[in-house]
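Hi,

Here is the structure I promised to pass on. Have a look at it first, and then read my notes below.

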Amino acid sequence: MEDISFQQVFSRVYNYLCEAGVEMTSDRCRQLLQLIDDAVAEVGESADRNAVSGQSSGSRPLAGHRLLANAMDKLPEYFALPEASIPASGPSLCRGSIGYSRRG
């Protein structure tokens, strides 16, 4: 699997926020950059801890994918995401008569 770049991580998180209904102003873009900066620092710290403990890097996911996962996990700490409202799949079901007369 090919690793993803920092620009792809930024684009995916930015697009997610736009699709979620968050208006991306210049302040929110700076907030997004701060989120990604904190996610980069955390991924770097965990990589350093794994290197010190001697864990092999073959079992870990690639750095870009870990960064994306970490950034997505941190989103609620930085942005107030609107609640997802799922519309009803159809009208409510009600029993009714369709006009047949009763027998007997």
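Before I get to leucine 35, one term: I say two residues are in contact when heavy atoms of theirs lie within 4.5 Å. Please also keep in mind that this is a predicted model.

With that cut-off, leucine 35 is in contact with Ala71, Lys74, Leu75, Tyr78 and Phe79, once its neighbours within four places in sequence are set aside. Leucine 35 also belongs to the largest nonpolar core, which has 17 residues. Together with Val9, Val13, Leu17, Leu32, Leu75 and Phe79, it is in the group that touches the most other members of that core. Three elements give two or more residues to the core: helix H1 (6-19), helix H2 (26-53) and helix H3 (63-78). H3 gives the most, with five residues.

Now the overall picture. The protein has three helices and zero strands, so the order from the N terminus on is simply α-α-α. It is 104 residues in length, and 22% of them are buried. Among contacts with a separation of 6 or more, 75% are between residues 24 or more positions apart. The exposed surface comes to about 8100 Å², with carbon and sulfur atoms supplying 51% of it.

H1 is a nice one to look at down its axis. Which of its residues are buried? They are Val9, Phe10, Val13 and Leu17. Seen that way, the buried residues of H1 fall within an arc of 100°, so they line one face of the helix. The general reason is that an α-helix has 3.6 residues a turn, so residues three or four places apart point the same way. On the face of H1 turned away from the buried side you will find the exposed residues Gln7 and Glu19. The length of H1 also checks out: at 1.5 Å a residue, its 14 residues should span 20 Å, and the end C-alpha atoms are 20 Å apart, which agrees. Just after H1, glycine 21 takes a positive phi of about 100°.

Next, two polar residues in H3 that caught my eye. Lysine 74 is found in this helix, and so is asparagine 70. Are they buried or exposed? Lysine 74 has a relative accessible area of 12%, so it is buried, the cut-off being under 20%. Asparagine 70 also comes out at 12% and is buried by the same cut-off.

Both side chains go to glutamate 42. The side chain of lysine 74 makes a polar contact of 3.1 Å with the side chain of glutamate 42, and the side chain of asparagine 70 makes one of 3.5 Å with it. Leaving out residues up to four places away in sequence, lysine 74 touches Leu35, Asp38, Ala39 and Glu42. On the same basis, asparagine 70 touches Ala39, Glu42 and Val43. Ala39 and Glu42 therefore turn up in both lists.

Alanine 63 lies in H3 as well. At 36% relative accessibility, alanine 63 counts as partly exposed. Apart from neighbours within four places in sequence, alanine 63 is in contact with Asp3 and Val43. The C-alpha atoms of alanine 63 and valine 40 are separated by 9.2 Å, with their positions 23 residues apart along the chain.

Last, a spot in H2. Aspartate 27 lies in this helix and is partly exposed, at 49% relative accessibility. Its side chain is joined to the side chain of arginine 30 by a polar contact of 2.2 Å.

If you want a place to begin in the viewer, try leucine 35 and its contact with Lys74, then go on from lysine 74 to glutamate 42 through their 3.1 Å polar contact, and finish at asparagine 70, whose side chain also has a polar contact with that of glutamate 42.

Cheers

Technical notes:
Residues numbered from 1 in each chain as written. Predicted model: local features only at pLDDT ≥ 70, side-chain atom pairs only at ≥ 80, totals over all residues. Heavy atoms only, no water. Core = buried A, V, L, I, M, F, W, Y, C linked by side-chain atoms within 4.5 Å. Buried < 20%, exposed > 50% of the residue type's maximum accessible area, 1.4 Å probe, protein only. Helix = DSSP H or I, 4+ residues; strand = E, 2+ residues; numbered from the N terminus. Polar contact = N/O pair within 3.5 Å; in protein donor to acceptor, adjacent residues only side chain to side chain. Areas by Shrake-Rupley, 256 points an atom, 1.4 Å probe, with all protein chains shown as cover. Expected span 1.5 Å × (residues − 1). Arc of directions from axis to C-beta.
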